[in-house]
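Grab a coffee and open the viewer. Here are a few exercises to work through, each with a solution you can follow step by step.

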Amino acid sequence: MKLIDRTRISAGTLALVTLTAISTGFLEATPALAKAPQQKPVLTASAVAVADRYAADAAEQIFREGGNAVDAAVAIAFTLAVTYPEAGNIGGGGFMTLYVDGKPYFLDFRERAPLAATRTMYLDEQGNVIKGKSLYGGYAVGVPGTVDGMWEAQRRFGKLKWKQVLAPAIHYARDGFEVDEQLVKRRDDASKQFDGKTNFDQYFGGMKQGETFRQPELAAVLTRIANDGAKDFYNGRTADLIAASMKGNGLITKRDLQDYKAVWRQPVEAKWNGYDVITAPPPSSGGVGLVQLLKMKADLAPQFKDVPLNSPQYIHLTAEIEKRVFADRAQYLGDPDFYKVPVAQLTDDAYLAKRAAEVDPDKPSDTKSVQPGLGTSMPEKAETTHFSVVDRWGNAVSSTYTINGYFGSGVVVPGAGIVLNDEMDDFASKPGVPNMFGVVGSDANAIAPRKRPLSSMTPTILTKDGKVALVIGTPGGSRIFTSIFQVVNNLYDFDMPLKDAVGAMRFHHQLLPPNTIFWEPYQPIDGPLAKQVEAKGYVLKGQDFNGDIQAIRIDGDTPEAAADPRGRGVTRIVQ
Ligand code: DON
């Protein structure tokens, strides 16, 4: 069977196929829509790298039942919504980069601003940002996209029944799972931040380390989604419960939910170092940022020559290119459905060579002098999780999804147990005022009804000669694409083994605050190294978190996987 490319089917045909499929017992049988063909196995095993062991078990079950990478990814996403509630979700959104049957795809299931949202909704009468309003409580919530995203992906490319991929999540919600120490710690931190102002503690206050935690309301929601498909979430009983939770406490209505649609987009693609990089387009800034970093570093090969990894000079040169990437990000990046993002220009070789040539090899260039590179007259707290999957047929899924901060807005839908996101904080509430991740934005990322907030999530796949070579991604807000850049660099420029490349020190610079290098507790910049970096003119600042990379590398026909030692992720190779 030939894979049908949906972009070539008219909207009318699609609607008809979809309706017919639903009315003819679509949920029970293998869907009539295009599915990945039964290719010949090309790898010795399937593999996953995910944020917890329950999701790895779910993926293994799906592979043993004959599922492919997309089936496994969807099962992982629903499972993490139960067992990794600080970030896994059905109340948030995300992105999925896919490589199926030798072709790249990208699915955008990012949240959207509600219809009643306004550009100034987080400002007081004096025009100042109201602290916390875009972060906690119902007004922080964007219209969730995860369920529609999973539905779209599985319907288009999955091999198993929809119900089959939801089964592990329903099991963990109904029968419970054993609570991990890290989850309790994150719950405690989040609870302090929500400070009794949301209903968070009613749902998660009782969770104890080592004990079984059950979520019966969430189990009922997942069962309805298994039976009725995404329409339960967007136009059924679950939609009613979500809308009810917002009454007097937020903007999302039933109409917002009915209106939501995940979108297939062209991924950002670039040639780099003999690889094809397939990564996230706007409304993520991550793919553009990653390609800019990779290409500028290649342009600066003479300056990087013989510079040891993570040495003061290496940190300086990297910060210099990051500075330029973040200047462009703040000016040009936003939802492409609302703002013409100049992706081709921003990733153009000649443009990046010119930008790289501005890097001062000796000292940090003055922050104010680093302006968006295309000129200004162009057209117009934290948690997320990533999973990487490959199957024996050579397909790959790289997906990052999020509710933004740990446990999102802290609002849990009564009667449904769904943790709702605080993704609205990823918009620029006011031009030039930093958000939770300290990044600023402009018109391109101003709030508007139905608009998607700018993201940094960067689910990425590298291929070589048409075959998957690396599947990688991480949470970390604005640290996401600088983290991926560093790991890719460790792998290919420094030939490190996968596990070492993932575990190695990471640092981050993002233009603002000026000349500030963020370091992380896992591998701090301290002692003599700190002194040398400071002597170059930088300020060092500690931060709690610098990602949780989940990566799979394929060497020949054998996949190898690594979960970041910073998190509670695991890997699984399924023969
Ligand atoms: O979309 C974004 O870029 C952020 N909402 C992601 C949040 C995140 O990675 C939190 N993790 N630490």
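**Exercise 1.** Which of the 17 residues around the ligand come nearest?

*Solution.* Keep in mind that this is a predicted model. Start at the ligand and look outward: the residues that come nearest are Thr384, Glu423, Asp426, Ser455 and Ser456. Next, sort the shell by character. Its residues divide into six nonpolar, seven polar and four charged.

**Exercise 2.** Find side chains that make polar contacts with the ligand, using a cut-off of 3.5 Å between N or O atoms.

*Solution.* Take the ligand's oxygen side to begin with. An N or O atom in the Thr384 side chain is 2.5 Å from an oxygen atom of the ligand. Now turn to nitrogen. The side chain of Glu423 has an N or O atom 2.6 Å from a nitrogen atom of the ligand. Asn404 joins in too, with a polar side-chain atom 2.7 Å from a ligand nitrogen atom. Each of these pairs passes the 3.5 Å cut-off.

**Exercise 3.** How much of the ligand's accessible area does the protein cover, and which elements give two or more residues to the shell?

*Solution.* On its own, the ligand has 340 Å² of accessible area, and the protein covers 99% of that. Then check the space itself: the ligand takes up the largest cavity. Finally, trace the shell back to secondary structure. Strand E9 (383-390) and strand E10 (396-404) are the elements that give two or more residues.

**Exercise 4.** Zoom out and decide why the overall dimensions agree with a compact globule.

*Solution.* First, count the elements: the protein has 19 helices and 17 strands. Second, box it in. Along the principal axes, the C-alpha atoms fill roughly 65 × 60 × 50 Å. Third, compare radii. A compact globule of 575 residues would have a radius of gyration near 25 Å, and the protein has 22 Å, so the two agree.

**Exercise 5.** Hunt for backbone oddities: where are the cis peptide bonds, and where does Arg450 with its positive phi sit?

*Solution.* Go to Pro282 and Pro283 for a cis bond with omega near 15°. Pro283 is in the loop between strand E8 (275-279) and helix H12 (286-299). Move on to Leu512 and Pro513, where the bond is also cis, with omega near -5°. Pro513 is in the loop between helix H18 (498-503) and strand E13 (516-519). Lastly, Arg450 isn't glycine, yet its phi is near 70°. You'll find Arg450 in the loop between E10 and strand E11 (460-464).

Terms used. Residues numbered from 1 in each chain as written. Predicted model: local features only at pLDDT ≥ 70, side-chain atom pairs only at ≥ 80, totals over all residues. Heavy atoms only, no water. Near = heavy atom within 4 Å. Polar contact = N/O pair within 3.5 Å; in protein donor to acceptor, adjacent residues only side chain to side chain. Areas by Shrake-Rupley, 256 points an atom, 1.4 Å probe, with all protein chains shown as cover. 1 Å grid on protein atoms, 1.4 Å probe; cavity = no way out; pocket = protein on both sides within 12 Å on 5 of 7 lines; lining within 4 Å. Sits in = over half its atoms within 2 Å of the grid points. Helix = DSSP H or I, 4+ residues; strand = E, 2+ residues; numbered from the N terminus. Nonpolar A, V, L, I, M, F, W, Y, C, P; charged D, E, K, R; others polar. Rg over C-alpha atoms; globule rule 2.2 N^0.38 Å.
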